[in-house]
Amino acid sequence: MVSSSEGGDPNPIRKLLGLGFWVQGFRCFPLMALNFFLKDGLNVDSSALQLLLNSSNFPMVAKPLYGIVSDAVYINGQHRIPYIAVGALLQALSWLAIAIISPSSISIFTITVYLLLSNLGASIAEVANDAIVAEVGKQPTSSSKISQPSSSGELQSYVWMASSAGGVLGNLLGGIVIDRFSPQTMFLFFCLLLALQFFITVTVLESSLNLPKSKVNAGIRKQLSQLSAALRKPEIAYSITWFAASYAIIPALTGTMFFYQTQYLKIDSSVLGLSKVFGQAAMLLWSFIYNRHLKTVPPRKLISAIQALMAVFMISDVLFVKGFYKMMGVPDAVYVVIFSGLLEVLFFFKILPFSVLMARFCPPGCEGSLMAFVMSAIALAFIVSGFLGVALASYVGVTGDQFSGFPLALLIQAMCTVLPIYWLSYVPDDLKFKSRTKKE
């Protein structure tokens, strides 16, 4: 292995994280192909599609375990780089298997198993990357006077931008090539990209990243004890509880909306690709705006505004399904590109300020396990949200070709989105105040 710092690289950690988060964002490329492959190739209906995709996310729920192992178990004196490499390799193998299996012999069970393996690899890599971000964010900058939350926020914004850039390119390419190449070809391309990430990662020495030193033999039991102690802190426990509940209480209708747009409105796949590109571009812009202007805004105020804006967009979806915008002269494709693209990413906007908040509160020595627990809670919340969405769609009578109850489902979704705002007092109000009190 060769250290990237030996080659004159002044900032290897940004390149490593930039690549990792960029590939993470680019995962939308094979996932777009997967949606059409399941709908058109395996004739999966909207509810089954949402159940399958949500069930395949269960490895994300075990992120705290991966974080504890990453914090406590070193491989050749390293405890971040090897896990990123293993995660990339597992993903590459799973997408390769999906790509080379004959479409006539593949089953829903088989593809679910490979998606579980892929998400396991993605979870392991994400935990290691998130831990590096948390560790670096807690280090003093070149000037000890500089506010720590500020430096953490800058790195969080950087990796957010890298992930958004990967999402923009992945969705743009996906929308262009989905009608020109088979889904298996797109799966294979992503497999090759993951293989490239694997080989680049294993050439980096963790010592070149200048991460904070910690005890190599800390042990899993000690990591569990540290994580338990961190979760007993009110500012951490209450924040995570509210944040996860704010997602779980909203019934997700993504599968239903996908079928409504493609089956009922006959929206072209390229338009859906442009919609996702628009959303990812909005995420990229959001990271710039947050880093430049919003880092000092109290998290509670910022998250509340985002939550309320989500509800407004869902009400807008009700009008869209009712045909209001079409009567006003707005084409369906234009609405899908702009409003549907924005609503899809609005769910993730509040993760950026919340991640900065958690990185600041994260005790030394358990960065990987605590940040993994946060992402695990979010993943579990999304799974619960997906199952609630399937139940809601069934309750109002929405199927793959019957959408008369869809406006009611969207209205209920909007009402559920507003409810968490009333519990927002669980989220600390002022990050700078918390920082000052800890220093004192």
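# Exercises on a predicted helical chain

C416 is buried, with a relative accessible area of 17%. That value comes from a predicted model, as do the others used below.

**Exercise 1. Cysteines.** Classify C191 as buried or exposed, then find how many disulfides the structure holds.

*Solution.*
- Step 1: Recall the cut-off, which is under 20% relative accessible area for a buried residue.
- Step 2: C191 has 8% relative accessibility, so it counts as buried. C416, at 17%, is buried too.
- Step 3: Recall what to look for: a disulfide is a covalent bond between the sulfur atoms of two cysteines. Searching the whole structure for such bonds gives 0 disulfides.

**Exercise 2. The chain as a whole.** Work out how many helices and strands the chain has, and what share of its residues is buried.

*Solution.*
- Step 1: Count the secondary structure elements; there are 20 helices and 0 strands.
- Step 2: Turn to burial. Of the 440 residues in the chain, 56% are buried.
- Step 3: Look at the outside. About 18,700 Å² is exposed, and 66% of this area is supplied by carbon and sulfur atoms.
- Step 4: Ask how far along the sequence the contacts reach. Taking contacts between residues at least 6 apart in sequence, 87% join residues at least 24 apart.

**Exercise 3. Helix α5.** Explain why helix α5 (residues 63-72) can be called largely enclosed by the rest of the structure.

*Solution.*
- Step 1: List the buried residues of α5, which are K63, P64, Y66, G67, I68, S70, D71 and A72.
- Step 2: Set that list against the length of the helix. Because 8 of its 10 residues are buried, α5 is largely enclosed by the rest of the structure.

**Exercise 4. Around I84.** Place I84 in its helix, and find which residues it touches beyond four places away in sequence.

*Solution.*
- Step 1: I84 sits in helix α6.
- Step 2: Its relative accessibility is 1%, so I84 counts as buried.
- Step 3: Leaving out residues up to four places away in sequence, I84 touches L16, A125, A128, N129, I132, Q197 and T201.
- Step 4: Pick A128 from that list. I84 and A128 are 44 residues apart along the chain, while their C-alpha atoms are separated by 6.1 Å.

**Exercise 5. A nonpolar patch.** Find which helices each supply at least two residues of the nonpolar patch.

*Solution.*
- Step 1: Name the members. L89, L93, L96, I100, L188 and L192 make a nonpolar surface patch of about 530 Å².
- Step 2: Assign them to helices; α6 (81-100) and α9 (183-201) each give at least two residues. The largest share, 4 residues, is from α6.
- Step 3: Check one member. L96 lies in helix α6, and its 31% relative accessibility makes it partly exposed.

**Exercise 6. Positive phi.** Locate N43 and K266, and decide whether N43 and K266 are buried or exposed.

*Solution.*
- Step 1: Note the angles. Neither residue is a glycine, yet N43 has a positive phi of about 55° and K266 has a positive phi near 60°.
- Step 2: N43 is in the loop between α2 (28-41) and α3 (46-55), whereas K266 is in the loop between α12 (254-264) and α13 (269-294).
- Step 3: Apply the cut-off, which is over 50% for an exposed residue. N43 is exposed at 64% relative accessible area, and K266 is exposed at 61%.

Terms used: Residues numbered from 1 in each chain as written. Predicted model: local features only at pLDDT ≥ 70, side-chain atom pairs only at ≥ 80, totals over all residues. Heavy atoms only, no water. Buried < 20%, exposed > 50% of the residue type's maximum accessible area, 1.4 Å probe, protein only. Contact = heavy atoms within 4.5 Å. Areas by Shrake-Rupley, 256 points an atom, 1.4 Å probe, with all protein chains shown as cover. Patch = residues over 30% accessible without salt bridge, like charges linked within 9 Å, V, L, I, M, F, W, Y side chains within 5 Å. Salt bridge = Lys/Arg side-chain N within 4 Å of Asp/Glu carboxyl O. Disulfide = S-S within 2.5 Å.
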